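Biologist: Before any term is used, I should like to see the structure itself. Would you kindly show it?

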Amino acid sequence: MTAPDRAVGRLMRRPEFLAVAGTRRKHVAPGLILQVRRHDDRQRPADGKVVIRLGLTASRKVGNAVVRNRARRRLREAARQILPHFALPGHDFVLVARGGTAERPWLDLLGDLTAGLKRLGLWREPPSSLPDAPPVQAGEG
């Protein structure tokens, strides 16, 4: 397992998840639901800390514990590959697993996250040191 990326922090407490859901700013795709909230004065990372925070959730509707954990692992890896490079900083993101998340083809799952960022206006062009396409690992899935 790889070490967590320092550019992306974690949402840990229920009020943080509820604040993101409360904005009602979301994108629904076959493989995931992307919820977004801009940082404000009430709930924001401390100065000098990460500029993007991520929360993952999978309810029992997704499946048993094995399926839910697999869905969360896939969402975590997709976020690790996409968010630090292509998401606008200063936001909290919650990725919600759906029934097909665990079995969805890997490239389609990455496409769902990319489409969500673009639709919500949070896509940024990659820095010149990165390739134009998101980094994709072939064996994932």
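The exchange below sets each term beside its definition.

Modeller: This is a predicted model, in which local features need pLDDT of at least 70, side-chain atom pairs count only at pLDDT 80 or more, and totals for chains, interfaces and linings use all residues. Residues are numbered from 1 along each chain as its sequence is written, and side-chain values use heavy atoms, with hydrogens and water left out.

Biologist: What makes Phe86 and Trp123 a stacked aromatic pair?

Modeller: Rings of Phe, Tyr and Trp (its six-membered ring) pair if their centres lie within 6.5 Å; planes under 30 degrees apart count as stacked, over 60 as edge-to-face and the rest as tilted. For Phe86 and Trp123 the centres are 4.7 Å apart and the planes differ by 10°, so the pair is stacked.

Biologist: Why is Phe86 called buried?

Modeller: Buried means under 20% relative accessible area, exposed over 50% and partly exposed in between (1.4 Å probe, protein chains only). Phe86 has 1% relative accessibility and therefore counts as buried. Trp123, at 18%, is buried as well.

Biologist: Why is Ala7 called partly exposed?

Modeller: Its relative accessibility is 32%, which lies between those limits, so Ala7 counts as partly exposed.

Biologist: How do you know that the charged end of Lys118 sits over the ring of Trp123?

Modeller: The rule asks for NZ of Lys or CZ of Arg within 6 Å of the ring centre and within 35 degrees of the ring normal. The charged end of Lys118 is 4.9 Å from the centre of the Trp123 ring and is listed as sitting over it.
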